[in-house]
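Visitor: I should like to go through this model and ask, for each description, what value supports it. Could the structure be shown before the questions begin?

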Amino acid sequence: RASIFIQLAVSLFKKGQNAEAEGVMQESINEFRGTSEEMRVALANADLALKRGDIEHALGLLSVASPSKPYYIQAQTMMAHIYLIHKNNRRLYITCYRNILEHNPGVPSCLLLGDAYMKIQEPERAVQVYEEALRENPKDASLASKIGKALITTHDYAKAIDYYGTAVSSEPNKSVLGHDLAELYTRLKKYAPADRVLGEILDQAKDYVDLGTIVNDVKFFLLRARVAAEGNQNHAKAVEYLMKAHDLQNLLLGRIKGEQPEYVRTQREVAANICHQLAEHLQLNVKNLDKAQGYYNRALQHDDTHEKSILALAK
């Protein structure tokens, strides 16, 4: 029943009937006071207050949520947003996430606090929080990736490389952290170690049953092509790796015909970009204009609005 009250109030607000919307919300507050839905109604009321520009009223409604109540985390998260965006108060913004961690200790709360520190550009503190979470869940590669990226933000590249190197050696499939490490090496123009890391990942035997493995290896081959081209101007190798990315992406497209249209469209755009990269290398470095034109056309078959390919064919 709370949903009905909330939907009605939102509908009235969208129509500009603010007084009626406030009346419905007040009625819902009275109706659900003392129930498990009380805080949910308060959150909806705070959201409407925020949309009206009544910041203090929104904060007052949210501040009554106690740690033992349902929706406490949502209330603190919404308060944090208000403090940062509407009041530009970074200290109180972080306090909200510290409150969440204090009353709900664990990896999810650590991630919220760490991400909050990253948002206000305090990566050193974010690293401390992420490392606390990693101690609780040492096999979580995504956590390790967050730490590495935070270290990069501090421009402590040497420490980031050491960290990634240690983490990659303990990750069985090396995929998540290996790409991060290779990307960092490439960014620092350390092409030989970048190629070594990518080679170790791509040399592992795979059957490509899992779509995620295909997606990952496409990224690895694209990065390896960049390393080959930038590192030692080996354009033949770059084309070889781009062809492998191209073939894998076609395999993926054949597997996802029944998936959500948006996902299919995104992957077709990836295929178009790969074809365009291939065409550029063939045109500018290999000097094979016929093949280049063919791949520009293939790019447009995947995405008929691919601007770079349209411009290349028009020249």
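Guide: This is a predicted model. The topic to begin with is its largest nonpolar core, which has 92 residues.

Visitor: Which members of the largest nonpolar core touch the most other members?

Guide: They are L62 and Y93. Helix α13, residues 211-232, gives the largest share of this core, nine residues. For L62, contacts beyond four places in sequence are made with M39, L43, A46, A75, M78, M79 and I82. Each of these pairs counts as a contact because heavy atoms lie within 4.5 Å.

Visitor: What share of the chain counts as buried, and what does the secondary structure of the chain come to?

Guide: Of the 315 residues, 43% count as buried. The chain has 17 helices and zero strands. Among its contacts between residues at least 6 apart in sequence, 47% join residues at least 24 apart.

Visitor: Why is L252 called buried?

Guide: The relative accessible area of L252 is 0%. Buried means under 20%, so L252 is buried. This residue lies in helix α14 and touches L211, I214, V215, Y263 and Q267, with residues up to four places away in sequence not counted. L252 and V218 are 34 residues apart along the chain, and their C-alpha atoms are separated by 9.6 Å.

Visitor: How do you know whether H246 is buried or exposed?

Guide: H246 has a relative accessible area of 5%. That value is under the 20% limit, and therefore H246 is buried. Its place is in helix α14, residues 235-255. Not counting residues up to four places away in sequence, H246 touches I274, C275, L278, Y295 and R298.

Visitor: What makes H57 partly exposed?

Guide: Its relative accessibility is 34%. Buried requires a value under 20% and exposed a value over 50%, so H57 falls in between and counts as partly exposed. H57 lies in helix α4, residues 55-63. Beyond four places in sequence, H57 touches A49 and R52. From H57 to A46, the C-alpha distance is 7.2 Å, with their positions 11 residues apart in sequence.

Visitor: Why does R91 count as exposed?

Guide: The relative accessibility of R91 is 58%. Exposed means over 50%, so R91 meets the criterion. R91 lies in helix α6, residues 90-103. Its C-alpha atom is separated by 9.7 Å from that of A80, 11 residues apart along the chain.

Visitor: What makes the span of helix α9 close to the expected one?

Guide: Helix α9, residues 141-153, has 13 residues and reaches 18 Å from its first C-alpha to its last. The expected span is 1.5 Å times one less than the number of residues, which for this helix comes to 18 Å, and so the two values agree closely. The buried residues of α9 include L143, I147, L151 and I152. As a group, the buried residues of α9 pack against α7, α8, α10 and α11.

Visitor: Why is the phi of H155 worth a remark?

Guide: Most residues other than glycine have a negative phi. H155 is a residue other than glycine, and its phi is positive, near 65 degrees. H155 follows α9 and is found in the loop between α9 and α10. Its relative accessible area of 56% is over 50%, so H155 is exposed.

Visitor: What is the phi of K189, and why is K189 called exposed?

Guide: K189 has a positive phi of about 60 degrees although it is not a glycine. Its place is in the loop between α11 and α12. The relative accessible area of K189 is 60%, over the 50% limit, and therefore K189 is exposed.

Visitor: How much space lies in the largest pocket, and which residues line it?

Guide: About 280 Å³ of space lies in the largest pocket. The elements that give two or more residues to its lining are α15, α16 and α17. Among the lining residues are H276, E280, Y296, K308 and L313. By class, the lining has six nonpolar, three polar and three charged residues.

Conventions:
Residues numbered from 1 in each chain as written. Predicted model: local features only at pLDDT ≥ 70, side-chain atom pairs only at ≥ 80, totals over all residues. Heavy atoms only, no water. 1 Å grid on protein atoms, 1.4 Å probe; cavity = no way out; pocket = protein on both sides within 12 Å on 5 of 7 lines; lining within 4 Å. Points joined across faces, edges and corners; volume = space filled by probe spheres on them. Helix = DSSP H or I, 4+ residues; strand = E, 2+ residues; numbered from the N terminus. Nonpolar A, V, L, I, M, F, W, Y, C, P; charged D, E, K, R; others polar. Core = buried A, V, L, I, M, F, W, Y, C linked by side-chain atoms within 4.5 Å. Buried < 20%, exposed > 50% of the residue type's maximum accessible area, 1.4 Å probe, protein only.
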